[in-house]
Amino acid sequence: MNNNSSLSHRDKEPENGTCYIVGTPIGNLNDISQRALNILKNVSLIACEDTRQTKKILNKFVISNNLTSFNKHNSPKKIPGLVKELKEGKSIAIVSDAGMPGICDPGEDFTKIVKAEGIDVICIPGACAAITALVSSGLPSSSFVFEGFLPKKKIDRDKILIEISKYEKTTIIYESPHRLKKLLNELYEVCGGDREIIVARELTKKFEEHIGYKIDEVIKFFEDKEVIGEITIVVKGIDKKISIVNEADLKKDLKELINAGLSLSAASKYLAKKNGLKKTIIYNLN
Ligand code: SAM
């Protein structure tokens, strides 16, 4: 597509019978794009996670339009009506409270259903906390794993924490401020205190902060502080060479100790001490 055709496409927006997934700021309202404002101003209807949050954006940019609430509680009931309106030719914008809809926010299910109905879905890209934290972390960012919020159930949570400790790619995690310290301790348990980590707090806002460098230093930083604000965590992946060499050697040592009569727990404890690692890391190699 050349520049002219892409401009004419944009000039016609919003198009009838089209669903727009619109990214909105994650704190700084000036991060909204001209294109997003045009869509919000001119669609037939805006389906928002919380109408009060969306009104803040609309008021700032002196936009008034029809709003309807669309969140995880009411979306199953609302989706058929919205699909009907799209089929009748209306244009609908989906927005969440902040950032990209569908990224740990409502929008995912709706997009799937709308596409299955043969309706056009166009994303108007905007801020996303995960990407903002990643690119400002200084950690490898061309290839990464996004975990969103970790599961709360212990068994599922432990499983994913172990997986994260073994990823070679950078991992991005969302966490609420009151659970940050618990998560940092869990990451310490599985990754060790030396792993590089950046806690990005209040991105794009007045008190934006990037706290790093190693897990034990970050734990220390927050030790006597109340954690407030929005938090995204970026964890460096394990070094490929270390992961291959160490893991193979450690597995061999573990097997030998168990064959010699030690319990898994005792063998893990011994090897953890010897290699300066957390016991759970060795334990889970078995
Ligand atoms: N859809 C959003 C996006 O595109 O980033 C994410 C929504 S999710 C419900 C909210 C979580 O995103 C927060 O708990 C926090 O982990 C992260 N987050 C959102 N805004 C942030 C900010 N300004 N700074 C740091 N993290 C943020």
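1. A polar contact is a pair of N or O atoms within 3.5 Å. That cut-off applies to the ligand contacts in this note, which concerns a predicted model. In the model, a nitrogen atom of the ligand is 2.8 Å from an N or O atom in the side chain of Thr 232. Because a polar contact is an N or O pair within 3.5 Å, this pair at 2.8 Å qualifies.

2. Two further residues place polar atoms by the ligand. Asp 105 does this through its side chain, with a polar atom 2.9 Å from a ligand nitrogen. Glu 175 does so through its backbone: an N or O atom there lies 3.5 Å from an oxygen atom of the ligand. As for cover, the ligand taken alone exposes 570 Å², and the protein buries 90% of that area.

3. Which pocket does the ligand take up? The space it fills is the second largest pocket. Around the ligand there are 19 residues, and those that come nearest are Ile 103, Ala 129, Tyr 174, Ile 231 and Thr 232. Thr 232 is thus named among the nearest residues and also supplies the side-chain contact at 2.8 Å.

4. How do the residues of the shell around the ligand divide by type? Nonpolar residues number 12, charged residues five and polar residues two.

5. Where the shell comes from can be stated by strand and by domain. Strands β7 (170-175) and β10 (231-235) each give the shell at least two residues. Domain 1 (10-127) and domain 2 (130-238) each contribute at least three residues to the shell.

6. Two backbone details may be looked at separately from the ligand. The peptide bond joining Glu 13 and Pro 14 is cis, with omega about -5°. Pro 14 is found in the loop that runs between α1 (3-11) and β1 (18-22).

7. The second detail concerns Glu 202. Its phi is near 55°, a positive value in a residue other than glycine. Where does Glu 202 lie? Glu 202 belongs to the loop between β8 (196-201) and β9 (209-214).

Methods: Residues are numbered from 1 along each chain as its sequence is written. This is a predicted model: local features need pLDDT of at least 70, side-chain atom pairs count only at pLDDT 80 or more; totals for chains, interfaces and linings use all residues. Side-chain values use heavy atoms; hydrogens and water are left out. A residue is near a molecule or strand if one of its heavy atoms lies within 4 Å of it. A polar contact is a pair of N or O atoms within 3.5 Å; within protein, one must be able to donate a hydrogen and the other to accept it, and residues adjacent in sequence count only if both atoms are side-chain atoms. Accessible areas come from the Shrake-Rupley method with a 1.4 Å probe; for residues, only the protein chains shown count as cover. On a 1 Å grid over the protein atoms alone, a cavity is a set of points where a 1.4 Å probe fits but cannot get out, and a pocket is an open set with protein on both sides within 12 Å along at least five of seven lines; lining residues have an atom within 4 Å of a point. A molecule sits in a cavity or pocket if more than half of its atoms lie within 2 Å of its grid points. Helices (H or I, at least four residues) and strands (E, at least two) are DSSP runs, numbered from the N terminus. Ala, Val, Leu, Ile, Met, Phe, Trp, Tyr, Cys and Pro count as nonpolar, Asp, Glu, Lys and Arg as charged, and the others, Gly among them, as polar. Domain bounds come from an automatic or database domain assignment.
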